[in-house]
Amino acid sequence: MPSALHPWNLSPTDAVALQYELAKQIRLECTPAMARAGIGRIAGVDIGFEDGGETTRAAVVVLAWQPGTTEHLQVIEQVVHREPTRMPYIPGLLSYREVPAALGAFAKLSRYPDLVMVDGQGIAHPRRIGVASHLGLWLELPTIGIAKSRLCGRFEPVGEARLSTSELTHRGETIGVVLRSREKVKPVFVSPGHLIDQASALDWVIRCLHKTKLPEPTRMADRLASRRDRPKTAG
DNA sequence: GCGACAG
DNA sequence: ATCTTGTCGC
């Protein structure tokens with residue numbers, strides 16, 4: 001279990017130093033639990049902002065993984081958590097801004113999922129610890145990062161066909177894959193976050209794709225975190 | 001020193 | 001991320 005006093009409000013310099021330390025703890029292998037018990041619940045996480053950015057809103061949507069049944073990929077539970085925004089957006093330090101709120105949302109879940117998909121990078125990060133990795137370390141759950149754009153790394157153009165991929169590399173390492181999740185739409189960047197390997201990360205994302213650009217977990221969380229899906233006022 | 005730069 | 005309306009295309 002991570003330190004109960006894990007610092008979130010650090011100066012950029014200290015935040016970067018901590019990333020180097022935390023990155024050493026990331027494990028890119030599937031857990032025995034995942035192989036033994038399998039996956040029954042997959043969660044999607046995303047963060048939105050209100051009041052011109054003063055309030056951070058975290059959303060977590062848990063979907064059922066029950067191939068062949070009517071409940072497959074249906075919503076089991078969804079929660080929203082709001083709290084004051086604590087940091088500005090700084091490329092490379094996104095997790096310090098978003099993870100605290102995400103943890104607040106997870107605390108409201110009646111039960112944890114077996115796998116988590118996060119809107120943002122996993123290890124496809126300059127120091128190999130994007131928001132998905134950082135969240136995974138804290139929760140000690142398998143996480144996958146699905147970003148809509150690139151933070152770092154290089155890649156060859158992705159094929160036009162759906163499910164075409166291109167390797168994302170950085171400083172001689174493979175850090176993720178660029179995936180054409182839908183035809184005629186900009187590709188997404190998939191990278192393992194924690195407790196999962198690259199191949200499995202890509203497999204799970206593909207398995208959760210319907211006809212949209214984003215996999216169901218992330219797409220659902222996106223809608224809940226965004227203000228367009230706000231519940232109507234009673235009356 | 002000059003760009004690039006998740007959300 | 002957010003501010004914002006309608007509109008073109010599969």
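I started with Tyr-89 and found one of its polar side-chain atoms 2.5 Å from a phosphate oxygen of DNA strand B. Note to self: this is a predicted model.

**DNA strand B**

Next I looked up who else sits around this strand. I got 18 residues surrounding DNA strand B, with Tyr-89, Gly-92, Lys-148, Ser-149 and Arg-150 as the closest. On the DNA side, sugar and phosphate make up 51% of the strand B atoms that come within 4 Å of the protein.

I checked Arg-150 too: an N or O atom in its side chain is 2.6 Å from a phosphate oxygen of DNA strand B. Leu-94 goes for a base instead, with a polar backbone atom 3.1 Å from a base nitrogen of the strand.

Which element gives the most to the surface near DNA strand B? I found that α3 does, with three residues. Sorting that surface by class, I noted seven nonpolar, five polar and six charged residues.

**DNA strand C**

Here I listed Gly-48, Phe-49, Arg-57, Lys-148 and Arg-227 around the strand. By class, I have one nonpolar, one polar and three charged. Phe-49 uses a backbone N or O atom, 3.2 Å from a phosphate oxygen of strand C. Lys-148 uses a polar side-chain atom, 3.3 Å from a phosphate oxygen of strand C.

**Back to α3**

I then looked at how α3 (residues 94-106) packs on α4 (residues 131-139): the angle is about 45° and the axes are 9 Å apart. That is why I call the two helices oblique to each other. I wrote down their crossing as right-handed. The contact has 10 nonpolar, two polar and one charged residues.

How values were computed. Residues numbered from 1 in each chain as written. Chains lettered and ligands numbered in written order. Predicted model: local features only at pLDDT ≥ 70, side-chain atom pairs only at ≥ 80, totals over all residues. Heavy atoms only, no water. Axes fitted to C-alpha atoms, helices over the stretch in contact; angles between N-to-C directions. Helix = DSSP H or I, 4+ residues; strand = E, 2+ residues; numbered from the N terminus. Parallel < 35°, antiparallel > 145°, perpendicular 65-115°, else oblique. Left-handed = near helix turned anticlockwise from the far one by under 90°. Nonpolar A, V, L, I, M, F, W, Y, C, P; charged D, E, K, R; others polar. Near = heavy atom within 4 Å. Polar contact = N/O pair within 3.5 Å; in protein donor to acceptor, adjacent residues only side chain to side chain.
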